[in-house]
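Let's take a friendly walk through this fold, from the overall layout down to single residues. Keep the viewer open as you read.

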Amino acid sequence: MLRVPAALALLVALTACAFEPEEPTRADTDHSDAFAPKLNAVRAQHDLAALRPEPRLAAAAETHAADMAAEDFISHDGSDGSTMQSRIVAEGYPSCVSAENIALRATTREEAIAQWLESPPHRENVLRGGVEEFGLAEVGGYWVLKLARPC
């Protein structure tokens, strides 16, 4: 019988773990900072105020994008019954005004906003007055844009 020293067995186990695929991190899914110039350029064309990226809105967007990707559906209602507003509240964001856009099959931020601008209800959200902050996330090709104003 071949006996493997404990140190070698541990090294083999650690090496195997190093090659397991990693889940995307918030840095991989949060597109807010890179999206701000494009979003705000569109809003400026309509004399609307620029929006600031907000991490809690990005987290709420990521939660919903991940849910849709994992469960393979597209809807403003989560697979667990969550709503646009309940996901924002769950992140500790006190919103008085909020909106949500979702998209599928956009491969870039530019494609996502183009889809939203072609859809009247989504365009209305992008051009909504009374919002001050936003968060954008993408997971597995599912995009979620949250727009809001804190109370």
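A residue is called buried when its relative accessible area is under 20%, and exposed when that value is over 50%. By that yardstick, 39% of the 151 residues of the chain count as buried. Please keep in mind that this is a predicted model.

**The overall layout**

The chain has seven helices and four strands. Starting at the N terminus, the order of elements is α-α-α-β-α-α-β-α-α-β-β. Among contacts between residues at least 6 apart in sequence, 68% join residues that are at least 24 apart.

**The sheet and the helices on it**

The four strands form an open sheet in the order β1-β3-β4-β2, and the pairing is mixed. β1 (52-53) and β2 are the edge strands, each with pairing on one side only. β1 and β3 run parallel and are joined by two bridges. If you want a landmark there, look for proline 53, which stands opposite phenylalanine 134 in β3.

Two helices are worth finding against this sheet. α3 lies across β1, β3 and β4, and runs at about 120° to β3. α6 also packs on the sheet, where it touches β2, β3 and β4, and its direction makes about 110° with that of β2.

**A closer look at α3**

Does the length of α3 agree or disagree with what its residue count predicts? At 1.5 Å a residue, its 13 residues should span 18 Å, and the end C-alpha atoms are 17 Å apart, so the two agree. The buried residues of this helix are Ser32, Phe35, Ala36, Leu39, Asn40, Val42 and Arg43. They pack against β1, α4 (55-71), α6, α7 (120-126), β3 and β4.

**The nonpolar cores**

In soluble globular proteins, nonpolar side chains tend to be buried together. Here the largest nonpolar core has 19 residues, and Phe35, Trp116, Phe134 and Leu145 touch the most other members. At least two residues of this core come from each of α3 (32-44), β2 (95-104), α6 (109-118), β3 and β4. The largest share, four residues, is supplied by α3. There is also a second, separate core of nine residues, with Ala61, Ile102, Val139 and Tyr142 among them.

Tryptophan 116 is a good residue to select and explore. Apart from neighbours within four places in sequence, it is in contact with Phe35, Asn101, Ile102, Ala103, His122, Arg123, Val126, Leu136, Trp143 and Leu145.

**The aromatic cluster**

How many aromatic pairs does a search of the whole structure find? The search finds two. One aromatic pair joins phenylalanine 35 and tryptophan 116 edge-to-face, at 6.4 Å centre to centre with 90° between the planes. Because phenylalanine 35 sits in helix α3 and tryptophan 116 in helix α6, this pair ties together parts that are 81 residues apart in sequence. Are these two residues, phenylalanine 35 and tryptophan 116, buried or exposed? Both of them are buried. Ring pairs link Phe35, Trp116 and Phe134 into a cluster.

**Three exposed loop residues**

Now for the loops. Most residues other than glycine have a negative phi. Aspartate 47 is not a glycine, yet its phi is positive, at about 55°. Arginine 105, likewise a residue other than glycine, has a positive phi near 75°. The table places these two residues alongside glycine 140.

| Residue | Loop | Relative accessibility |
|---|---|---|
| Aspartate 47 | between α3 and β1 | 74%, exposed |
| Arginine 105 | between β2 and α6 | 69%, exposed |
| Glycine 140 | between β3 (133-139) and β4 (142-150) | 62%, exposed |

Glycine 140 counts as exposed because its relative accessibility of 62% is over the 50% cut-off. Its C-alpha atom is separated by 8.8 Å from that of methionine 68, a residue 72 places away along the chain.

**Putting it together**

To retrace the tour, begin at the open sheet β1-β3-β4-β2. Then add α3, lying across β1, β3 and β4, and α6, touching β2, β3 and β4. Finish at the cluster of Phe35, Trp116 and Phe134, three residues that are also among those touching the most other members of the largest nonpolar core.

Definitions and conventions
Residues are numbered from 1 along each chain as its sequence is written. This is a predicted model: local features need pLDDT of at least 70, side-chain atom pairs count only at pLDDT 80 or more; totals for chains, interfaces and linings use all residues. Side-chain values use heavy atoms; hydrogens and water are left out. Buried means under 20% relative accessible area, exposed over 50%, partly exposed in between (1.4 Å probe, protein chains only). A nonpolar core is a set of buried Ala, Val, Leu, Ile, Met, Phe, Trp, Tyr and Cys residues joined through side-chain atoms within 4.5 Å. Contact means heavy atoms within 4.5 Å. Two strands pair if DSSP finds at least two bridges between them. Axes are lines fitted to C-alpha atoms, for helices over the stretch in contact, and angles run from 0 to 180 degrees between N-to-C directions. Rings of Phe, Tyr and Trp (its six-membered ring) pair if their centres lie within 6.5 Å; planes under 30 degrees apart count as stacked, over 60 as edge-to-face and the rest as tilted. The expected span of a helix is 1.5 Å times one less than its number of residues.
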